[in-house]
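Me: Please examine the largest pocket of this model closely. What lines the largest pocket, and which residues are closest to its centre?

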Amino acid sequence: MGDRQVRRAYVGSFTAAGGPGVVSAAFDPDSGALTVLAATDAVADPSYLALAPGADTLYAVSETSDGALAAFRVSGGTGGTSGTGGSADRPELLARPVSVQGDAPTHLTLHDGHLIAANYGSGSLTAVPVNADGSLAPAPAGVLRHEGSGPHPQRQQAPHAHQVLADPSGRWLVSVDLGTDSVRVCALGGDGLLSLHREVALRPGSGPRHLAFHPSGERAYVLNELAPTLTVCAWDAADGTLKPLGETPVLAGAPDGDAYPSAVVVAPDGRFLWTATRGEDVLSVFALDPQGDTARLTATVPCAGHWPRDLALDPSGRFLYAANERSGDVTWFAVDPDTGLPRRAGAVAVPAASCVVFG
């Protein structure tokens with residue numbers, strides 16, 4: 001890469017399964033290639049990451065029974081020119097991780113001066129204030145506990161918040177709960193306290209895991225883990241209303257064995273949507289109509305690894321990345337702009353890879 005500016009990507013991994021922790025990588029926007037530069041295992045099981053605006057601070061969950069959130073100083077989305085894997089490339093832990101006062105945080109998002117975590121094990125959301133320098137306050141401002149259960153005898157005995165993200169308007173937070181077959185619309189007060197605005201029920205036993213919004217901000221797509229399906233929803237940001245419109249399979253036929261959908265992403269232009277399914281180890285391609293009301297399955301392709309836990313698009317939308325947890329790699333695909341079909345373009349080894357984010 002010579003002396004040109006090096007763009008960054010970051011990969012989370014499970015240290016308990018042999019992963020290196022938080023990995024920094026050089027990202028080539030022309031080819032989509034990732035090159036591992038450095039890693040830190042300062043935090044156990046940093047399975048999900050989020051970058052601050054400006055890409056100089058990286059946040060991670062610690063997906064452990066005494067779950068925590070951590071902030072790292074990083075060199076930025078286009079920082080550094082060497083890309084040699086030196087100390088400047090290694091994320092630097094800013095301070096002691098902050099307890100989420102919950103169990104097994106699996107997802108996090110930045111919203112209105114706070115870092116919000118979804119805690120799978122305890123079925124709760126945690127809001128931690130972010131200081132001016134990007135570090136985290138030493139204790140949460142608030143914890144909102146989910147309530148309820150579902151029909152699955154092993155997976156739905158209690159709430160399991162799996163994802164939290166802000167809606168496109170920036171007014172609401174939505175949390176996806178696998179244990180209660182519901183999506184909760186929440187508000188964050190100026191005091192950092194979270195409150196429930198509305199709970200939206202999905203089909204019993206579907207096990208919603210992750211949600212992605214259409215770029216119009218008027219549609220949302222919920223990926224269901226316990227039934228390999230996608231639920232299309234209308235979203236009204238004015239009053240924080242989510243309305244299911246229909247449910248469609250993410251696989252072309254009945255699964256050969258276990259099938260656990262994991263992640264969903266939508267193209268920046270709203271024409272295509274992709275999902276990843278573990279067990280079947282495939283990526284599914286959907287064509288969206290202009291309004292985003294229908295998602296039509298057009299193809300499935302191998303994820304080129306085993307157990308794709310996360311799926312991500314690069315900032316341009318030209319490349320799709322699968323974090324294949326059990327095969328220990330991140331594979332990237334060039335996306336056909338006319339069909340949305342992903343074509344394998346390369347891979348990099350990251351043991352126990354769990355997510356990818358871009359600077």
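Reply: The account below takes up the pocket, then a core that shares elements with its lining.

The model is predicted, so that local features need pLDDT of at least 70 and side-chain atom pairs count only at pLDDT 80 or more, while totals for chains, interfaces and linings use all residues. Residues are numbered from 1 along each chain as its sequence is written, and side-chain values use heavy atoms, without hydrogens or water.

The largest pocket holds about 1000 Å³ of space. A pocket here is an open set of points on a 1 Å grid over the protein atoms alone, where a 1.4 Å probe fits, with protein on both sides within 12 Å along at least five of seven lines; lining residues have an atom within 4 Å of a point. The volume is the space filled by probe spheres set on the points, which are joined across faces, edges and corners.

The lining comprises 32 residues, of which Y48, H107, L165, V264 and V265 are closest to the centre. At least two lining residues come from each of several strands (DSSP E runs of at least two residues, numbered from the N terminus), including β4 (49-51), β9 (105-111) and β29 (353-358). By class, 26 lining residues are nonpolar (Ala, Val, Leu, Ile, Met, Phe, Trp, Tyr, Cys and Pro), four polar and two charged (Asp, Glu, Lys and Arg), with Gly among the polar ones.

L49 has contacts (heavy atoms within 4.5 Å) with residues including L58, L108 and C355, residues up to four places away in sequence not being counted.

Note on methods
Helix = DSSP H or I, 4+ residues; strand = E, 2+ residues; numbered from the N terminus.
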